[in-house]
Every structure is written in C-alpha cells, then in structure tokens.
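The following note sets out several points on one helix pairing and on the ionic contacts between side chains. Please read it alongside the coordinates.

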Amino acid sequence: MTVDLFEKFDVTLNNFRQLPEGESNPFTVSMEKILSPTEAIINGRKTILAGTNNYMGMTFNEDAVAAAKEALLNEGTGTTGSRVLNGTYNSHTALEKELKKFYGTEHAMVFSTGYQANLGIIATLAGPKDYILIDADSHASIYDGCAMGNATVIRFAHNDPENLDKRLTRLRKTDPEAGVLVVVEGVYSMLGDQAPLKELAAVSKKHDAYILVDEAHSIGVFGATGRGVAQAQGVEDQIDFIVGTFSKSVGTIGGYCVSNHPKFEVLRLVCRPYMFTASLPPSVVASATKALQIIADTNLREKLLANSMRLNKGLAKIGFNMGTSGESPIAAIIVDDLHQAIAFWGEMIKEGVYVNLALPPATPNNYNLMRCSLSAAHTDEQIDFMLEKFEMVGHKLGVLADKALETA
C-alpha cells in the first residue's frame with residue numbers, strides 16, 4: 001500500500017477545517033485594494049491595517065515609488081539570474097554601498113529575502129565542528145538556518161544572559177577551541193520585547209564567541225539613525241554580524257547581512273542561498289536604496305514610538321493581558337482560549353480592523369495572540385478607533401471582565 005505523504009499533516013488539516021469559513025477565517029483573508037500604508041479594502045469594506053510591520057510607512061513613499069518606477073522602465077522587471085552569474089547590476093552594488101554607509105561597516109551582502117539572509121549566513125558560518133547558541137524564542141528562519149547547517153545547536157533561555165553564560169561555560173570546558181556563533185534578535189516579532197544586547201554581547205566575547213543579531217524588526221525603529229537595537233544600546237562595535245530585512249521598515253522585500261569581518265566577502269562564493277537563487281529585481285533594489293536614505297534622516301521614529309505607546313498603554317488600561325510593555329511598535333494581547341482568539345480576530349475584521357492572529361507553535365509560551373504592529377503613518381484617530389473596537393469586542397467575547405471597564 002502506498003503511504004500518503006500528506007498523512008503527517010492530518011492534524012493541521014483537521015484543525016484548519018474547523019476554522020470558520022468566509023471572511024472570518026484569518027488564514028484566507030485577501031486585501032482587495034491597498035489604499036495607503038494604514039488602510040485597505042478587505043471583504044468590501046475600508047479597514048485599518050494594524051498588523052503589517054510597515055513601521056515607517058515606506059510602501060507608498062513618493063520618492064521610493066518614483067525610484068522603483070524609473071528602475072522598472074530602465075532595467076526591466078527582473079534579472080533572471082543569481083548574483084554570481086548575470087544577476088548583479090550596478091544598482092545591486094549601489095544598494096550594498098548604501099547599506100555599508102547606513103551601518104558604517106566594511107561589508108554588506110544582499111539576499112532576495114530576509115529569510116534567505118538568516119538561512120544562508122547561519123548555515124554557512126557554522127560548520128560540522130562548530131556550535132550555534134540561539135535564543136529559545138528565535139524566528140523560524142534562524143531555526144531553519146541551524147537545521148540547514150551541520151553545526152551543533154544549543155538553545156538558551158529567552159533574553160537570559162546568565163543562562164547563555166552557563167551554557168557557554170559548559171561548552172568551553174568540553175571544547176575550548178571550537179568555533180561558536182551566538183544568534184539573537186534585536187526585537188522579537190511576536191511580543192515585541194528587546195534583547196539585552198549589551199549583556200549578551202559581553203557574555204559572548206567573554207567566551208570568544210561571535211555574535212549575530214537579527215535586526216529585522218528594529219531597523220528604522222531604534223537608534224539615532226535607525227540602525228536598530230545594537231545602535232540604541234551602544235554595542236555596535238561588539239556585534240560581528242547584523243542581519244536584516246527590507247520587508248518591514250524599508251517597505252519592500254529582500255534581506256542583507258553587514259559585517260566588519262575581514263574575510264566576509266568569501267561568503268559570496270560559499271553561501272548556497274545567495275549563490276543559487278535569482279537576485280532582486282531592479283525596481284525593488286531602487287526603492288530599497290531610496291528608503292534607506294530616507295530612514296537614516298527621518299524623524300518618523302518619534303512618531304512611531306509615540307503611536308506604539310498610545311496603543312499599548314490604551315490596551316493595558318482597558319484591561320487586556322498584554323504580552324508587551326510598549327517598548328516597540330508591536331502590541332500583543334494574550335487570549336487564553338484558542339477558539340476565543342479565532343473569534344476575536346473574526347469580530348475585529350468585521351469591525352474594520354485587521355490584526356495578526358498568532359498561534360502556537362509560532363508563539364512563545366504557546367500563547368494565542370492578537371498581534372498589532374503599528375506604523376508611523378497611523379493617525380491618533382486611527383489608533384483610538386482600534387482601541388474602541390478592541391474594547392467592544394473584548395467585552396462581547398468575554399475576554400475582558402466587566403470590572404475592567406470600571407477601573408479603566
């Protein structure tokens with residue numbers, strides 16, 4: 001008898017079939033028309049976008065759009081080749097120069113997605129005799145980069161420098177000469193909490209380990225010029241590799257790694273996710289280059305963080321169980337019951353607010369989350385509208401107790 005290759009997915013499939021049909025299914029939603037960085041037509045109605053990671057609102061920036069149009073007309077729709085073959089245009093090298101200028105590093109390497117950047121860099125740097133220590137709450141692309149490589153992988157407790165120190169101490173006793181790479185994130189995507197990079201970097205250097213920081217959710221958001229949490233915490237000189245993405249604050253798609261390591265350029269010849277995939281189309285490269293220039297000089301960070309505090313504090317005041325403290329543009333509400341969380345999402349979309357429904361195993365501590373990610377382009381009125389709808393739906397579904405209203 002032939003074994004069904006899909007049998008291993010039966011549990012997932014059965015769970016999916018139990019979800020509500022139509023517009024209340026969070027995993028089949030389609031945006032019919034994008035109106036702006038903060039609004040779209042969904043299910044025939046105007047909807048506020050409160051879960052897009054479009055932190056700087058760059059998707060409709062006039063200068064970035066103009067640069068993309070010009071590149072599209074002058075260089076065509078795509079490169080049809082990888083960077084090591086016919087896929088490197090002058091615009092690709094110009095983007096890497098812009099990244100080096102932005103970060104103040106000697107080297108920069110652009111990938112076709114942020115996922116590929118983590119996949120390629122992590123899998124390539126650490127070999128069979130090496131070790132990778134990752135934060136337990138790391139993004140799937142970090143875990144997949146570890147799985148693709150041949151290094152021994154060790155997890156340490158989330159944002160816990162002491163636990164990292166303990167594991168590195170034990171490792172160095174058994175293998176004092178091994179190559180070691182520590183991988184953390186500047187801001188963790190589900191709850192929005194920041195890493196204590198100063199302490200983590202100090203522990204890594206104490207044990208002669210390299211440290212890589214994924215700044216996907218913090219580029220543009222933190223630091224005097226938007227370089228991320230490493231800049232904000234004053235430890236850039238302690239970080240060996242920074243990985244990031246263009247799909248959030250930069251407003252397009254793509255990924256990168258920057259570094260000052262003198263041998264960094266050899267990665268172009270040995271990193272398979274870089275070598276064996278087509279390079280970014282010229283229009284994307286042009287818009288990313290322009291957006292980086294804008295982000296470095298903008299004051300939008302102040303507006304973004306003010307928006308974040310308005311939403312986070314507002315949700316906490318209403319009485320929600322928050323997974324964040326407002327230290328990033330991410331606001332996450334913890335909903336104890338899975339079916340209640342799914343219903344919550346459905347009610348919010350009907351009320352004209354699109355948020356992310358984040359469920360286990362993609363979430364820390366197996367939380368069911370209603371996750372928001374704000375933009376500098378959101379207005380105070382839009383945020384107040386979100387708060388109104390969250391409060392209404394929270395009471396309707398019993399997520400909020402009646403006493404929350406009395407103490408708000």
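1. In this predicted model, the contact between helices α3 and α11 involves S91, H92, L95, E98, L99 and F102 on the α3 side. Their counterparts in α11 are V285, A288, T289, L292, Q293, I295 and A296. By class, the contact residues comprise eight nonpolar, four polar and one charged.

2. The geometry of this pair deserves a statement of its own. Helix α3 spans residues 90-103 and helix α11 spans residues 282-297; their axes come within 9 Å and cross at roughly 20°. Because angles under 35 degrees count as roughly parallel, α3 is described as roughly parallel to α11. The crossing of the two helices is left-handed.

3. The model contains 12 salt bridges. One of them joins the side chains of R45 and E23, with an N to O distance of 3.6 Å. R45 belongs to strand β3 (residues 45-49), whereas E23 sits in the loop between α1 (10-17) and β1 (31-36); the pair thus links distant parts of the chain, 22 residues apart. How accessible are the partners, R45 and E23? R45 is partly exposed, at a relative accessible area of 27%, and E23 is likewise partly exposed, at 30%.

4. A further salt bridge is formed by K205 and D240, whose closest N and O atoms are 2.5 Å apart. K205 is located in helix α7 (residues 197-206) and D240 in the loop between α8 (229-232) and β9 (241-245), so that this pair also connects distant parts of the chain, 35 residues apart. K205 has a relative accessibility of 30% and therefore counts as partly exposed.

5. In the salt bridge between E351 and K389, the closest N and O atoms are 3.1 Å apart. E351 lies in the loop between α13 (338-350) and β12 (353-354), and K389 lies in helix α14 (residues 380-396), so the bridge ties together parts that are 38 residues apart in sequence. Is each partner buried or partly exposed, E351 and K389? E351, at 25% relative accessibility, counts as partly exposed. K389, at 11%, counts as buried, because the class covers values under 20%.

6. Finally, the authors may wish to show one connected set of ionic contacts. R83, E96, E265 and R268 are joined into one network by salt bridges that share partners.

Notes:
Residues numbered from 1 in each chain as written. Predicted model: local features only at pLDDT ≥ 70, side-chain atom pairs only at ≥ 80, totals over all residues. Heavy atoms only, no water. Axes fitted to C-alpha atoms, helices over the stretch in contact; angles between N-to-C directions. Helix = DSSP H or I, 4+ residues; strand = E, 2+ residues; numbered from the N terminus. Parallel < 35°, antiparallel > 145°, perpendicular 65-115°, else oblique. Left-handed = near helix turned anticlockwise from the far one by under 90°. Contact = heavy atoms within 4.5 Å. Nonpolar A, V, L, I, M, F, W, Y, C, P; charged D, E, K, R; others polar. Salt bridge = Lys/Arg side-chain N within 4 Å of Asp/Glu carboxyl O. Buried < 20%, exposed > 50% of the residue type's maximum accessible area, 1.4 Å probe, protein only.
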